[in-house]
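Morning, everyone. I have one structure to walk through, and I will keep it quick. Please bring it up on your screens.

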Amino acid sequence: MTGFRSDFLRTLQARGFIHQMTDAEGLDALAAKGSVTGYIGFDATATSLHVGSLVQIMMLRWLQKTGGRPIALMGGGTTKIGDPTFRDDARPLLDNATIDSNIASLRTVFAKLLDFDHGAIMANNADWLDELAYIPFLREIGRHFTINRMLSFDSVKLRLDREQPLTFLEFNYMILQGYDFLELARRHDCVLQMGGSDQWGNIVNGIDLTRRIAGREVYGLTSPLLTTSSGAKMGKTAAGAVWLNEDRLPVYDYWQYWRNTEDADVGRFLKLFTELPLDEIDRLAALDGAEINEAKKILATEATALVHGRDKAAAAAETARQAFEQGVSAEGLPSVDIPRGELEAGIAAFRLFARVGLATSNGEARRLIQGGGGRVNDAAIADPEQTIGSGEIGADGVVKLSAGRKKHVLVRPA
């Protein structure tokens, strides 16, 4: 369906958030008529979400900005099971204290992107799942889920086709997620569940259950699973996950992740991860050659400002300007601690470059240096075996390593 009447769906469509909807016309009519309450679930498996979850968070943010009420549902209950969707093995089971601590940490990011003082809700499905009595739950809810249908979902079929074990505990996950929708409809008049396209089956389950038991018309909407133009998964780099919490990833590293966006992705990412007007995004996306780097800097600063605040985004941009344009060693660059004795004894350049994450392997580090892309304190080196030691520690107490012009790490003796 095109030509949406509601601000909410018009915005999501124009910015590239929509992949599938269960009833586009019905949801659009409801959203055009008044405020819509919608939710997305996030399991608390770590102290931070990463960039791969940012599409969903931005959907909740746009729901609120267009007059709706977003619910960020923390999976305090479902985390105790673990979502088996498209996994080859079971997730490690976490204890209650760890899950609660993770949720408290996750809230710090959501509080920057959703306005909890003006309608947004952070709910926790442990509030109802922990209170369920097993036999009554099976009788009331379990009877609406057939094994035949559950086995037909790709998330289950893939695990079984690969002859990987799927525990009975995990098998219950889709039932509990469907029950979440029913509970949120009862408690908060929630009529919409959103998520990534890999959650389509779970969302449809919740819609069907809510209709059967509560007799309510509810809706589902998914976003496309996002990859870069080269096929890489969003939120992952050679150095690890791109976390949203500052204590897991420095603000500068977060800014730099967006600065390194592939040329072909700039326009798409500006629509998804910033709130710049669409005409300005079109102008920036049309830049080419060296000018596209200016668009990447704007993407990096705007995306960072949403998650970490405008001041920290500006500071990261200035750090990058000093490091890249002036060629100086700037505080704020990512740093890695190396035992002082080990550094004073000397480390082969290729080993150090790989160790600090400027290359994914010793072999890649060798090729980088042999190709002229390795620099120590802004001076090119040609020999991968060159020893880096105490003689390279500068007046500021660090060694600056660079891979090309964009990637820099400060090595600090610890």
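One definition before we start: contact here means heavy atoms within 4.5 Å. Also keep in mind that this is a predicted model.

Let's use that definition straight away, on a histidine. His 144 sits in the loop between helix H6 (134-140) and helix H7 (147-152). What does His 144 touch, not counting residues up to four places away in sequence? It touches Leu 209, Arg 212 and Ile 213. Is His 144 buried or exposed? It is buried, with a relative accessible area of 16%. The cut-off for buried is under 20%, so His 144 qualifies.

Next, the annotated residues. UniProt, in an unreviewed entry, lists Tyr 39, Tyr 173 and Gln 177 under "binding site". Take the pair with the higher numbers. Tyr 173 is found in helix H10, residues 173-188. Gln 177 lies in H10 too. Tyr 173 has a relative accessible area of 6%, so it counts as buried. Gln 177 has 8%, and it is buried as well.

Which residues does Gln 177 touch, leaving out those up to four places away in sequence? The list is Tyr 39, Gln 193, Gln 199 and Asn 202. Tyr 39 is another of the residues in that UniProt record.

Now Thr 78. It lies in the loop between strand S3 (69-74) and helix H4 (96-113). It is buried, with a relative accessible area of 2%. Its side chain makes a polar contact of 3.1 Å with the side chain of Asn 125. Set aside neighbours within four places in sequence, and Thr 78 is in contact with Asp 43, Asn 125, Leu 129, Tyr 173, Leu 176 and Asp 180. Note Tyr 173 in that list. That is the H10 residue we just discussed.

One more annotation. The same kind of record, an unreviewed UniProt entry, places a short sequence motif, the 'HIGH' region, at residues 44-53. What is the secondary structure of residues 44-53? The span is 0% helix and 0% strand. Its end C-alpha atoms lie 12 Å apart.

On to the sheets. Strands of a sheet pair through backbone hydrogen bonds, either parallel or antiparallel. One open sheet here has 6 strands, in the order S1-S6-S5-S2-S3-S4, and its pairing is mixed. Which strands stand at the edges? They are S1 (20-21) and S4 (121-124). Each has a single partner strand, so one side of each is left without a neighbour in the sheet.

Start at the S1 edge. S1 and strand S6 (residues 219-223) run antiparallel and are joined by 2 bridges. Met 21 stands opposite Leu 221 in S6. Helix H2 (residues 24-33) packs on this sheet. It touches S1, strand S5 (192-196) and S6, and its direction makes about 100° with that of S6.

Helix H3 (residues 54-65) packs on the sheet too. Its contacts are strand S2 (37-42), S3, S5 and S6. The direction of H3 makes about 160° with that of S2.

H3 deserves a closer look. It has 12 residues and reaches 16 Å from first C-alpha to last, close to the 16 Å expected at 1.5 Å a residue. How many residues of H3 are buried? The count is 11 of the 12, so H3 is largely enclosed by the rest of the structure. Among them are Leu 54, Met 58, Arg 61, Trp 62 and Gln 64. Just after H3, Gly 67 takes a positive phi of about 100°.

Back to the strands. S2 and S3 run parallel, joined by 6 bridges. Thr 37 stands opposite Arg 69 in S3. In S3, 5 of the 6 residues are buried, so this strand is largely enclosed by the rest of the structure.

Last, another sheet. It is open, with 5 strands in the order S9-S15-S14-S11-S12, and the pairing is mixed. The edge strands, S9 (335-338) and S12 (379-380), each pair on one side only. Strand S11 (residues 374-376) pairs with S12 in the antiparallel sense, over 2 bridges. There, Arg 375 has Ala 380 in S12 as its bridge partner.

That's my tour. Over to you.

Technical notes. Residues numbered from 1 in each chain as written. Predicted model: local features only at pLDDT ≥ 70, side-chain atom pairs only at ≥ 80, totals over all residues. Heavy atoms only, no water. UniProt positions renumbered as here; feature names shortened; annotations may be inferred. Helix = DSSP H or I, 4+ residues; strand = E, 2+ residues; numbered from the N terminus. Buried < 20%, exposed > 50% of the residue type's maximum accessible area, 1.4 Å probe, protein only. Polar contact = N/O pair within 3.5 Å; in protein donor to acceptor, adjacent residues only side chain to side chain. Pairing = 2+ DSSP bridges. Axes fitted to C-alpha atoms, helices over the stretch in contact; angles between N-to-C directions. Expected span 1.5 Å × (residues − 1).
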